[in-house]
Amino acid sequence: MIINMRERATEAELQHVIDRVKEAGYQAHLTRGEERAIVAAVGSGGRRHELEALAAAPGVDGVVAIAQPFKLVSRQVKPHRTVVNVGGVQIGDGSFVVIAGPCSVESREQLFSTARAVKAGGARLLRGGAYKPRTSPYEFQGLGVEALWLLAEARQETGLPVVTEVMSTEDVDVICEHADLLQVGARNMQNFALLRRLAKVDKPVLLKRGPSASVKEWLLAAEYLVAGGNPNVVLCERGIKTFETETRNTLDLASIALARELTHLPVIADPSHGTGRPSLIAPMSRAAAALGADGLMVEVHPCPERALSDGPQSLDLPGFSQLMRRLSEPLRAVET
Ligand code: PEP
Ligand code: MN
């Protein structure tokens, strides 16, 4: 339920409402808007009629049910957009933030040459996998902690905050020591133990949509993070499984527009995994920018044919700078 406060409600009236929500057996989450405050009562097992009765409390404008199954991430609870600060880079403030780097960190030389090139091209964050979720156990699994050290060094040199995937609760502490944004990969979107653990860290989380997850399931996964105590969540659409096999996944652009309607959290697109084809990255990136996405995540490698993971979908260094030039041109509806 949402308790909407009146414009001129006093702090004492607000505190009274928060106390009553807790007494009724719910968690109280406060959102202060420019004009009025909203108290969201969430949880299970509370006494709903006590919340409904708060309509009569001083300073309360009305009590309404939250229409969606996800609560704290819904725009009903927080109408203004969340801006997530990633090591000084703001995601969700109306700018278009490009995250770029290799699928996996493979060596110092590979990471640093990519980091310098993406920085020169205008990327704001550096990505690189240290712990890799691979379909086959015989494929490259990532350099682990050594990759984290290299990422931290690359941040030191370039000033770009770094993003890397956390696959397991066991790795959360060491990744938090070195990274600025913790990625939950598509395969782990509904790893609830991991989400609960990441709700307790003081680093922002990039939550990728599962390949077979509905938008509702994706937002409910985000709800685990926010309800558990971490409000700094960025959503990433990375393509879903469909009958189409010409592209690796189907980048669901409508889901980005829909997610931005339903939630106040920033939403970015990953056209690399979303298409699997370098030639489609620029058009899909421009489409994502045109529909209001808050940014992009793209895979870049100095020599894609030698990459240990996701080479076929990676841009090379000139390809990345060309993408950035095309993104800075005025957006046209039709690609030429
Ligand atoms: C990745 O970002 O390299 C990755 C493994 O992504 P996803 O979880 O979307 O497959
Ligand atoms: Mn990848």
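Reader: What makes the pair of a backbone N or O atom of A186 and an oxygen atom of ligand 1 a polar contact?
Author: The two atoms lie 2.7 Å apart, and they count as a polar contact because that term covers a pair of N or O atoms within 3.5 Å. This is a predicted model, in which local features need pLDDT of at least 70 and side-chain atom pairs pLDDT 80 or more, while totals for chains, interfaces and linings use all residues. Residues are numbered from 1 along each chain as written, chains are lettered from A and ligands numbered from 1 in written order, and side-chain values use heavy atoms, leaving out hydrogens and water.

Reader: Which atoms of E299 and of the manganese ion's other partners make them its donors?
Author: Donors are N, O and S atoms within 2.8 Å of the metal (3.2 Å for Na, K and Ca), and C103 (SG), H273 (NE2), E299 (OE) and D310 (OD) lie 2.1 to 2.4 Å from the manganese ion (ligand 2). C103 is in the loop between β7 (97–101) and α3 (108–121) and D310 in the loop between β14 (295–299) and α11 (317–328), so this pair ties together parts 207 residues apart in sequence. E299 also has a polar side-chain atom 3.1 Å from an oxygen atom of ligand 1.

Reader: How many residues around ligand 1 are charged?
Author: Seven are charged, alongside three polar and three nonpolar ones, where charged means Asp, Glu, Lys and Arg.

Note on methods. Polar contact = N/O pair within 3.5 Å; in protein donor to acceptor, adjacent residues only side chain to side chain. Helix = DSSP H or I, 4+ residues; strand = E, 2+ residues; numbered from the N terminus.
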